[in-house]
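Here is a short briefing to read alongside the structure. Have the 3D view open and follow the topics in turn.

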Amino acid sequence: MVPKPVLAVLFLYPITAKSEEERIRQDNTKKEYSDKVYFLRQTVGNACGTIGLLHAIGNITSEIKLVEDSFLDRFYKSTANMNPMERALFLENDREMEVAHSVAATAGDTEATLDVNTHFVCFACVDGELYELDGRKSDPISHGASSPNTLLKDAAKVIQGMIQKDPDSMNFSVIALSKRVFE
């Protein structure tokens with residue numbers, strides 16, 4: 001039912017004591033990753049959905065066409081040669097993104113709150129590897145071999161493992177971004 005090819009997967013999960021222990025454990029291990037992976041740190045609170053989308057789009061720019069001189073086109077061109085923390089600081093100081101984020105966060109009927117206990121991460125295939133891109137972590141996490149044809153299935157395996165760590169929760173959601181969305 002999911003249109004193919006899937007270019008990226010966003011996953012929302014509950015932040016628990018177990019997930020925090022895992023995040024800290026992973027952060028204490030230096031990881032190697034492809035320099036083709038677009039990754040930025042999350043230094044702004046309540047912005048994990050935005051960061052997840054920036055990770056998704058930043059890792060599929062070869063598959064989609066950004067509108068010339070649009071915000072995203074300018075953002076990725078400006079941050080292409082920066083490290084993850086420099087990208088985060090660039091984003092922090094970007095007034096256009098701050099205004100757009102505030103408008104989106106306050107739109108609709110859902111009340112914005114600072115008491116957030118869920119978090120978005122992105123899964124993307126870069127250079128034949130499945131990467132978990134979580135701006136709260138210091139580096140992307142490689143979950144092994146993957147391909148554009150198997151990205152959704154490969155991400156689902158990792159996601160199932162994360163769900164098993166908190167099997168009583170219903171606070172999980174998966175969003176697949178397919179090429180069809182961008183056409």
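**Around the active-site residues**

Leaving aside its neighbours within four places in sequence, His119 is in contact with Phe11, Leu12, Tyr13, Ile15, Gln42, Cys48, Asp134 and Arg136. This is a predicted model, and His119 is a good place to begin, since the UniProt record (an unreviewed entry) lists Cys48 and His119 under "active site". Those two residues span 72 residues in sequence, yet their C-alpha atoms are no more than 6.2 Å apart, so they gather at one spot.

**The two listed residues**

- His119 sits in strand 2, which covers residues 118-126.
- With a relative accessibility of 2%, His119 counts as buried.
- Cys48 is found in helix 2, made up of residues 48-58.
- Cys48 is buried too, at a relative accessible area of 12%, because anything under 20% counts as buried.
- Not counting residues up to four places away in sequence, Cys48 touches Gln42, Thr118, His119 and Phe120.
- Gln42 is therefore a contact of both Cys48 and His119, if you would like a residue to look at next to the pair.

**The sheet**

- Five strands make up an open sheet with antiparallel pairing, in the order 4-3-2-1-5.
- At its edges lie strand 4 (141-145) and strand 5 (173-178), each of which pairs on one side only.
- On average, neighbouring strands of this sheet are turned by 20° against each other, direction ignored.
- Strand 1 (residues 6-14) and strand 2 run antiparallel and are joined by seven bridges.
- One of the bridge pairings links Ala8 with Ala124 of strand 2.

**Helices packed on the sheet**

- Helix 2 packs on the sheet and touches strand 1, strand 2, strand 3 (129-133) and strand 5.
- The direction of helix 2 makes about 5° with that of strand 2.
- Helix 6 (residues 151-164) also packs on the sheet, where it touches strand 1, strand 2, strand 3, strand 4 and strand 5.
- The direction of helix 6 makes about 10° with that of strand 1.

**Cysteines**

- How many disulfides does the structure hold? There are zero.
- Cys122 is in no disulfide, and its nearest cysteine sulfur, that of Cys125, is 11 Å away.
- For Cys125, likewise in no disulfide, the nearest cysteine sulfur is that of Cys122, 11 Å away.
- Cys122 counts as buried at 0% relative accessibility, and Cys125 counts as buried at 17%.

Technical notes. Residues numbered from 1 in each chain as written. Predicted model: local features only at pLDDT ≥ 70, side-chain atom pairs only at ≥ 80, totals over all residues. Heavy atoms only, no water. UniProt positions renumbered as here; feature names shortened; annotations may be inferred. Helix = DSSP H or I, 4+ residues; strand = E, 2+ residues; numbered from the N terminus. Buried < 20%, exposed > 50% of the residue type's maximum accessible area, 1.4 Å probe, protein only. Contact = heavy atoms within 4.5 Å. Disulfide = S-S within 2.5 Å. Pairing = 2+ DSSP bridges. Axes fitted to C-alpha atoms, helices over the stretch in contact; angles between N-to-C directions.
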